[in-house]
Amino acid sequence: MVDPAAAALRGARKVVVFSGAGISAESGVPTFRDDLTGLWARFDAAKLATPEAFDDDPDLVWGWYEWRRARTLRAEPNAGHVAVAAIEARVPGSVVVTQNVDDLHERAGSKAPIHLHGSLFAPRCVAAGHPATVDAAPASDEGRRLPPPRCVECGALVRPGVVWFGEALPEQAFRAAVDAATECDVLLSVGTSGVVYPAAALPMIAANAGATVIQVNPEPTPLDEVCAVNLRGTAADTLPALVAAAWPDR
Ligand code: NAD
Ligand code: APR
C-alpha cells in the first residue's frame with residue numbers, strides 16, 4: 001500500500017502534512033481520545049479546556065497547561081516528525097498544518113508549521129493578547145495548581161496560548177491552511193481522529209480540489225472515506241518508510 005502513496009508523494013509539487021496528537025504519541029505526549037491513555041479519559045475537558053474553566057479556576061487550568069508544557073519539554077521529536085521535515089526538504093512547496101500545541105515539528109526541523117489550535121509556547125494576556133514569557137522550566141507535577149502570571153504590559157492575567165472549546169481558530173492560520181489544502185497535490189493526514197472541526201474539514205477540502213489524500217493512523221477514522229490511501233500504522237514507523245519509498249535514491 002505504501003507504493004501508490006510513495007508515487008503520489010514523489011510526483012507532488014505541493015504537499016500539505018496535516019497532523020494531530022497521534023504524531024506526537026511516540027514521543028510520549030498523550031493524545032486525547034486514545035482509550036485509557038487519552039487526556040480526556042483522565043481529565044475533564046469542561047474543567048480544563050474552556051474559557052469558562054479558566055474564568056472559574058485559573059490556577060487549576062494554568063497548572064495543567066504548565067504540566068503539559070513540562071511534559072512536552074521533556075519529549076523529543078520522533079522519526080515521524082523527522083520524516084515530515086524530510087518531505088519539506090524534498091518538496092519545497094510543502095506546508096505543515098498541525099492541530100498540536102507542542103513544538104516537536106519545529107524541533108525536528110519543520111520551518112513554520114501552521115498551528116491551528118495555538119501553542120503551549122505562546123501564552124498571552126486575557127485583556128489585549130499581549131505575548132507573555134513563561135518560566136523556562138515549568139512546574140511539572142500533575143494536578144498542581146499554579147497561579148497564572150500577570151501581563152507585564154497591562155497587568156491582566158496571562159492564559160495558555162491554545163484554542164479552547166467554544167473558541168474560534170486563529171483566522172489567519174485557518175485561512176492559510178484552507179488555501180494550502182485547496183492548492184496541494186497531496187494531503188498527508190497523520191495521527192488525527194478527524195472529529196474536531198473545522199480542522200477536520202481540511203482533508204475533504206483537499207480531496208474536493210483534486211488532491212490525493214493519504215492517511216497514516218493505526219486505527220480507522222471518519223477520514224478513511226476521503227482518503228485515496230489508508231496506511232494502517234504509526235507515524236514513527238510508517239512515515240520514514242513512505243519517505244524512503246518515495247525518494248529511494250536520496
Ligand atoms: P479537546 O478537543 O482535546 O477535548 C475533547 C473533549 O472535550 C471531548 O471529550 C469533547 O466531548 C469535550 N468537549 C467538546 N466540546 C466541548 C465544550 N464546548 N466544552 C467542554 N467540553 C467539550 O480539548 P482541547 O481544549 O482542544 O485540548 C486541550 C489542549 O491540549 C488542546 O489545545 C490540545 O492541542 C492540547 N494537546 C496537545 C497535544 C500535542 O500538541 N501533541 C496533545 C494533547 C493535548
Ligand atoms: N501514530 C499515528 N497515529 C496515532 C498514533 C501513532 N503512534 N497513536 C495514536 N494515533 C492516532 C489515534 O488512532 C487517533 O486517531 O492519533 C489520533 C489521535 O486523535 P485525538 O486524540 O483525537 O487527537 P487529535 O485528532 O489531534 O484531536 C484533534 O481536538 O482535542 C482537540 O485541540 C485538540 O488538537 C486537538 C484536536
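This section describes the helices, nonpolar cores, salt bridges and ligand surroundings of a predicted model.

Helix H6 covers residues 58-74. Its 17 residues should span 24 Å at 1.5 Å a residue, and the end C-alpha atoms are indeed 24 Å apart, so the two values agree. Helix H6 is mostly covered, with 12 of the 17 residues buried. The buried set consists of Pro-58, Val-61, Trp-62, Gly-63, Trp-64, Tyr-65, Glu-66, Trp-67, Arg-68, Arg-69, Ala-70 and Thr-72. These buried residues of H6 pack against helices H3 (39-42), H4 (45-48), H5 (51-56) and H8 (104-108), and also against strands S4 (118-125) and S5 (158-162).

Helix H7 (79-90) has 12 residues, and the distance from its first C-alpha to its last is 16 Å, close to the 16 Å expected at 1.5 Å a residue. At the start of H7, a side-chain oxygen of Asn-78 comes to within 2.6 Å of the backbone nitrogen of Gly-80. Gly-80 is itself buried, as are His-81, Ala-83, Val-84, Ala-85, Ala-86, Ile-87 and Glu-88 of the same helix.

The largest nonpolar core contains 26 residues. Leu-9, Val-15, Leu-188, Val-190, Leu-239 and Leu-242 touch the most other members of this core. Two or more residues are supplied by each of H1, S1, H7, strand S6 (186-190), strand S7 (212-216), strand S8 (229-231) and helix H11 (235-246). The largest contribution, five residues, comes from H11. A second core, separate from the first, has 21 residues, including Leu-116, Val-178, Cys-184 and Leu-223.

Thr-238 also belongs to helix H11. With a relative accessibility of 11%, Thr-238 falls under the 20% limit and therefore counts as buried. Apart from neighbours within four places in sequence, Thr-238 is in contact with Val-216, Leu-231 and Gly-233.

A second buried threonine, Thr-98, lies in strand S2 (residues 95-98); its relative accessibility is 1%. The side chains of Thr-98 and Ser-19 are joined by a polar contact of 2.7 Å. A polar atom of the Thr-98 side chain also lies 3.0 Å from the backbone nitrogen of Asn-100. When neighbours within four places in sequence are left aside, the contacts of Thr-98 are Ser-19, His-105, Pro-113, Ile-114, His-115, Leu-116 and His-117. Of these contacts, Ser-19 is thus the partner in the 2.7 Å side-chain pair, and Leu-116 is a member of the second core.

The structure holds 12 salt bridges. One of them pairs Lys-14 with Glu-183, with 3.8 Å between the closest N and O atoms. This pair links distant parts of the chain, the two residues being 169 residues apart: Lys-14 is in the loop between helix H1 (2-10) and strand S1 (15-19), whereas Glu-183 is in helix H9 (residues 171-183). Lys-14 counts as partly exposed because its relative accessibility is 32%, and Glu-183, at 47%, is partly exposed as well.

Arg-144 forms another salt bridge, with Asp-141, in which the closest N and O atoms are 3.5 Å apart. Arg-144 is partly exposed at 40% relative accessibility. The relative accessible area of Asp-141 is 41%, which places this residue in the partly exposed class too.

Arg-159 is paired with Glu-167 at a closest N to O distance of 2.7 Å. In this salt bridge Arg-159 is buried, at 7% relative accessibility, whereas Glu-167 is partly exposed, at 24%. Elsewhere, salt bridges with shared partners join Glu-76, Asp-103 and Arg-107 into one network.

Ligand 1 is surrounded by 21 residues, of which Phe-32, Trp-40, Val-101, Asp-102 and Phe-165 are the closest. Oxygen atoms of the ligand are approached by both side-chain and backbone atoms: a polar side-chain atom of Arg-33 lies 3.2 Å from one oxygen atom of ligand 1, and a backbone N or O atom of Val-101 lies 2.7 Å from an oxygen atom of ligand 1. A nitrogen atom of ligand 1 lies 2.9 Å from a polar side-chain atom of Asp-102.

Conventions: Residues numbered from 1 in each chain as written. Chains lettered and ligands numbered in written order. Predicted model: local features only at pLDDT ≥ 70, side-chain atom pairs only at ≥ 80, totals over all residues. Heavy atoms only, no water. Salt bridge = Lys/Arg side-chain N within 4 Å of Asp/Glu carboxyl O. Helix = DSSP H or I, 4+ residues; strand = E, 2+ residues; numbered from the N terminus. Buried < 20%, exposed > 50% of the residue type's maximum accessible area, 1.4 Å probe, protein only. Polar contact = N/O pair within 3.5 Å; in protein donor to acceptor, adjacent residues only side chain to side chain. Contact = heavy atoms within 4.5 Å. Core = buried A, V, L, I, M, F, W, Y, C linked by side-chain atoms within 4.5 Å. Expected span 1.5 Å × (residues − 1). Near = heavy atom within 4 Å.
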